[in-house]
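Hi,

Here is the structure I promised to pass on. Have a look at it first, and then read my notes below.

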Amino acid sequence: MDTARRFQQAVHDRDLDTITALLAPDVRFFSPVKFTPFTGADMVAGLFGVLLRTFEDFRYTGELHGHARIGADGPDAPPTS
């Protein structure tokens, strides 16, 4: 199972330990309700802890495919698996 699927399964299982273990140390999570990203594994894991405690039915309903950029003018981010 690839990393994205393992992450989705951990969210489904509400398994914060696995979610945290799957995060890269320099992860950035872009939220539609905040202008700046949540940066770093500790910050993103903390966010998911709050989400899982706050929303009983928090889940993924879709999936985007494509390339991510490192910065506005940066190169494509390396793929993960």
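A word on terms before the notes: buried means under 20% relative accessible area, exposed means over 50%, and partly exposed is in between (1.4 Å probe, protein chains only). By that yardstick, buried residues make up 25% of the 81 residues in the protein chain.

Some ground rules. This is a predicted model, where local features need pLDDT of at least 70 and side-chain atom pairs count only at pLDDT 80 or more, while totals for chains, interfaces and linings use all residues. Residues are numbered from 1 along each chain as its sequence is written, and side-chain values use heavy atoms, with hydrogens and water left out.

On confidence: pLDDT is the predictor's confidence in each residue, from 0 to 100. The protein chain averages 84, and 75% of the residues score at least 70. Among the elements, helix H2 (residues 16–22) has the highest mean pLDDT, 96, and strand E1 (residues 28–29) the lowest, 88.

Now the fold. There are three helices and two strands in the protein chain (DSSP runs numbered from the N terminus: helices are H or I with at least four residues, strands E with at least two). Along the sequence they come in the order α-α-β-β-α.

Helix H1 (residues 3–13) has Thr 3, Phe 7, Ala 10 and Val 11 as its buried residues. They sit on the same side of H1, because they cover an arc of only 100° around the axis (taken from the directions from the helix axis to the C-beta atoms). What do the buried residues of H1 pack against? Their partners are H2 and helix H3 (41–54), with contact meaning heavy atoms within 4.5 Å.

Just after H1 comes Arg 14, with a positive phi of about 60° although this residue is not a glycine. Arg 14 lies in the loop between H1 and H2 and is partly exposed, at a relative accessible area of 35%.

One last number: of the contacts in the protein chain with a separation of 6 or more, 35% are between residues 24 or more positions apart.

Cheers
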